[in-house]
Amino acid sequence: MTAGPERPASERKATRTAADRAIGAFSDNPPWLINRDQLTWRAGLPAIRSVARREVPEMIAPRRWPGTRAARVVTVIGSAGATWWLRERRSASKSASRAAISRRMRIAAEQLGPTYIKLGQIISSGQGIFPAELVDEFKKCRDQVPPETFETVRRVIEEDFGMALDEVFAEFDPIPLASASIAQVHRARVRPEFVAPFVGDGPAPTEPVEVVVKVQRPQVADLVRRDLGVLAWLAPFLVGRIEVAALANPPALVEVFAETISEELDFRLEAENMLDVAQTLVELEQRGYVIPRPHPTLVTRRVLVMERLSGFAFDDVASIKNAGVDTHEIIRTGMIGFMEGALLHGIFHGDLHGGNLFVMPDGRTALLDFGITGRLSTPRRLAFVRLLISGTMNDAKGQLAALRDLGALPRDVDLDAVLVDLGLDQPPLDPTQLTSDQLIAELQRVTKALVSYGAKIPKELLLFVKNMVFLDGAIAALAPDLDLLAEVQNIALYFAQNHGMRLAAEVGIDPTSWQLDMDGVRGSFGVDPTVESLTYRELTERRAIIRERMEKHRRRRRR
């Protein structure tokens with residue numbers, strides 16, 4: 001560090017902020033500065049990521065019997081279901097009955113450990129897809145999983161750092177802030193000597209610095225591998241037995257899950273994801289997000305020390321509004337930033353849910369937990385661009401071609417035949433105008449057609465759709481009166497003005513030929529072309545009608 005004349009504190013702070021935030025969407029007042037050349041844990045990361053991906057086929061290789069672990073899985077889940085059947089199935093209401101089985105399934109997942117807790121977390125992001133009782137119950141899997149003991153946490157940290165806990169931290173709260181499937185996080189204060197080398201030309205700290213420490217559960221990697229073996233053994237038995245399972249392609253879903261969770265087991269990869277997403281947001285000039293800084297040296301496979309941020313829980317709508325934050329702007333920023341990262345850089349946070357983000361008092365959104373991050377190769381990114389452009393133009397065949405290139409349909413599929421079989425060559429149906437029998441018949445027809453063509457859900461598309469489901473729920477909480485049709489127009493205009501020329505050139509279309517087809521947008525919502533506006537509240541009412549008719553159909557079949 002070179003010596004120089006002392007500058008006022010405000011000027012030193014501005015210098016630190018400018019140097020740091022120029023390369024990442026970080027907070028304004030850094031505890032340390034990020035300089036990629038100083039990050040010792042980045043050594044060999046490309047090889048580490050490559051090894052993690054190559055291990056997936058071995059983890060899910062077909063096997064005759066995955067051992068005693070399979071017996072335990074069947075026993076725990078079967079016992080939970082049997083107890084509910086005997087004691088709670090005939091509760092006072094169907095909602096109470098669903099809440100009871102949901103609670104027992106959540107407890108069973110916690111008993112079985114990280115893999116099944118992670119599946120529960122995926123369910124918890126499925127508002128509007130899964131029953132509300134199931135979603136609400138599995139939300140507890142996000143940060144209310146029984147934690148490891150403090151002695152276990154201490155042992156993991158000391159093994160990975162090669163130092164006593166007290167040598168690194170002046171304070172360490174033994175009670176976790178949150179505890180989830182793979183890891184738990186603790187509040188701590190790191191000793192100033194671990195920060196001083198990384199403050200640039202700013203003043204060296206003399207007091208401990210507040211941080212968050214993420215610690216992986218011991219033996220979780222071995223347990224996940226065993227559980228993936230159980231799921232890989234079970235998945236083929238589900239093919240063709242349940243329509244939804246057949247559409248989802250259970251073996252392919254297990255492969256996607258394995259790809260996702262294998263990288264999540266190395267916190268060095270997560271820290272790299274944090275930096276990559278932060279850099280992408282800066283390049284896109286998206287300053288509505290804040291990413292916590294990983295520590296330059298205190299990152300290992302099982303321990304991640306990062307900057308601590310604070311704000312309002314994402315579902316604390318009252319506090320957010322009382323702080324004067326525009327909740328509609330939060331939604332707009334979320335939609336645009338999420339889509340920009342995927343479309344222009346091929347990278348996006350892959351696991352949005354209420355426990356992984358919060359709203360800061362200045363209205364920016366803090367993004368946490370980058371264990372699951374979507375990364376699109378260039379060919380798949382361009383296919384994704386074509387998918388969304390075709391969607392805005394109501395070009396059904398173009399959408400199918402893009403889905404094929406994403407891996408959702410076989411390479412040799414007859415797109416014209418799929419177009420006809422799915423009824424995409426016809427005007428869209430209004431599901432609220434169908435009887436319960438007609439609605440079920442239409443769903444079964446579409447599902448059968450997709451299955452017959454070998455449709456499946458690629459990893460990146462699955463993560464994207466899951467995030468869109470979360471944003472759907474966020475609109476319900478933060479902006480239920482948002483005009484969805486107007487927002488679609490605004491977002492389309494934003495992309496056309498800011499990225500239209502680049503995206504058009506990348507996918508080989510004439511930018512002057514693009515035109516937003518609002519009739520097609522209305523059709524995707526299932527509303528009449530004459531509808532001028534559609535709030536989320538109104539869309540929810542339409543969905544309630546559809547669910548009621550489907551439930552009516554199920555009740556009639558039971559009789």
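**Entry 1: empty space.** I looked for enclosed space and found two cavities of 30 Å³ or more. I'm working with a predicted model, where local features need pLDDT of at least 70 and side-chain atom pairs count only at pLDDT 80 or more, while totals for chains, interfaces and linings use all residues. Residues are numbered from 1 along each chain as its sequence is written, and side-chain values use heavy atoms, with hydrogens and water left out.

My note on terms: a cavity is a set of points on a 1 Å grid over the protein atoms alone where a 1.4 Å probe fits but cannot get out, and lining residues have an atom within 4 Å of a point. Points are joined across faces, edges and corners, and the volume is the space filled by probe spheres set on them.

**Entry 2: the largest cavity.** I read off about 240 Å³ for the largest cavity. It is lined by 21 residues, and Tyr289, Gly334, Phe338, Leu352 and Leu367 come closest to its centre. Next I checked which helices (DSSP runs of H or I, at least four residues) and strands (E, at least two), numbered from the N terminus, take part. H13 (267-283), H15 (327-345), S9 (347-349), S11 (365-367) and H20 (459-478) each bring at least two lining residues. H15 gives the most, with six. I sorted the lining by class (Ala, Val, Leu, Ile, Met, Phe, Trp, Tyr, Cys and Pro nonpolar; Asp, Glu, Lys and Arg charged; the others, Gly among them, polar). That gave me 15 nonpolar, six polar and no charged residues.

**Entry 3: the second largest cavity.** This one holds about 50 Å³. Among its lining residues I noted Arg49, Glu259, Asn273, Arg375 and Lys459. Helix H12 (250-264) and strand S12 (373-375) are the elements giving two or more residues, and H12 gives the most, with three. By class I got one nonpolar, four polar and five charged.

**Entry 4: helix H21.** Then I turned to H21 (484-507), which has 24 residues. Its end C-alpha atoms are only 27 Å apart, short of the 34 Å of a straight helix at 1.5 Å a residue; that expected span is 1.5 Å times one less than the number of residues. Where does H21 bend? I found a bend of about 80° at His499, taken as the angle between axes fitted to the seven residues ending there and the seven starting there. His499 is also buried (under 20% relative accessible area, 1.4 Å probe, protein chains only). Other buried residues of H21 include Ile491, Phe495 and Leu503.

I looked at both ends as well. At the start, a side-chain oxygen of Asp483 comes to within 3.1 Å of the backbone nitrogen of Leu485. After H21 comes Gly508, with a positive phi near 75°.

Note on methods:
On a 1 Å grid over the protein atoms alone, a cavity is a set of points where a 1.4 Å probe fits but cannot get out, and a pocket is an open set with protein on both sides within 12 Å along at least five of seven lines; lining residues have an atom within 4 Å of a point. Buried means under 20% relative accessible area, exposed over 50%, partly exposed in between (1.4 Å probe, protein chains only). A polar contact is a pair of N or O atoms within 3.5 Å; within protein, one must be able to donate a hydrogen and the other to accept it, and residues adjacent in sequence count only if both atoms are side-chain atoms.
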